[in-house]
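Dear colleague,

I am handing over the structure below, and after it you will find a short account of what was found.

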Amino acid sequence: VHFFPPRRARDLPPIGRGTRVLLAQPFLSETARALVARGATLLPAPYPLGVQGTTAWLGAAAASFGVSLETLDRVTAPSARRASTALARYRPWLD
């Protein structure tokens with residue numbers, strides 16, 4: 001697993017056939033096109049915003065690597081509960 005862009009420009013990750021890409025921000029469409037042009041596969045996923053978006057984003061990665069939904073749920077449930085609890089006091093304004 002690599003992150004793009006890297007911390008240092010000289011540490012570019014290998015990108016090509018077999019590379020799977022998940023976008024984490026909505027303004028990366030040009031970057032996604034360039035990566036796909038180099039052979040990468042763009043995984044369809046929502047952006048990791050909020051509990052549901054983050055869980056779905058992680059789910060796209062998990063599915064790509066053959067991780068079961070049960071494993072994903074088991075691993076993400078504690079963080080999802082913590083996030084939901086932290087947001088509970090703001091829920092009336094968010095709704």
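Of the 95 residues in the protein, 22% are buried (under 20% relative accessible area, with over 50% called exposed and partly exposed in between, using a 1.4 Å probe and protein chains only). Please keep in mind that this is a predicted model, in which local features need pLDDT of at least 70 and side-chain atom pairs count only at pLDDT 80 or more, while totals for chains, interfaces and linings use all residues. Residues are numbered from 1 along each chain as its sequence is written, and side-chain values use heavy atoms, with hydrogens and water left out.

As for the fold, the protein has 4 helices and 2 strands, in the order β-α-β-α-α-α from the N terminus (DSSP runs, H or I of at least four residues for helices and E of at least two for strands). The radius of gyration, taken over C-alpha atoms, is 16 Å, whereas a compact globule of 95 residues would have a value near 12 Å (by the rule of 2.2 Å times the number of residues to the power 0.38). The C-alpha trace spans about 45 × 30 × 25 Å along its principal axes.

Among contacts with a separation of 6 or more, 24% join residues 24 or more positions apart, a contact being heavy atoms within 4.5 Å.

Turning to the surface, the protein exposes about 7500 Å², of which carbon and sulfur atoms supply 59% (Shrake-Rupley method, 1.4 Å probe; for residues, only the protein chains shown count as cover). Phe 65, in the loop between α2 (50-64) and α3 (69-87), counts as exposed because its relative accessibility is 53%.

Best regards
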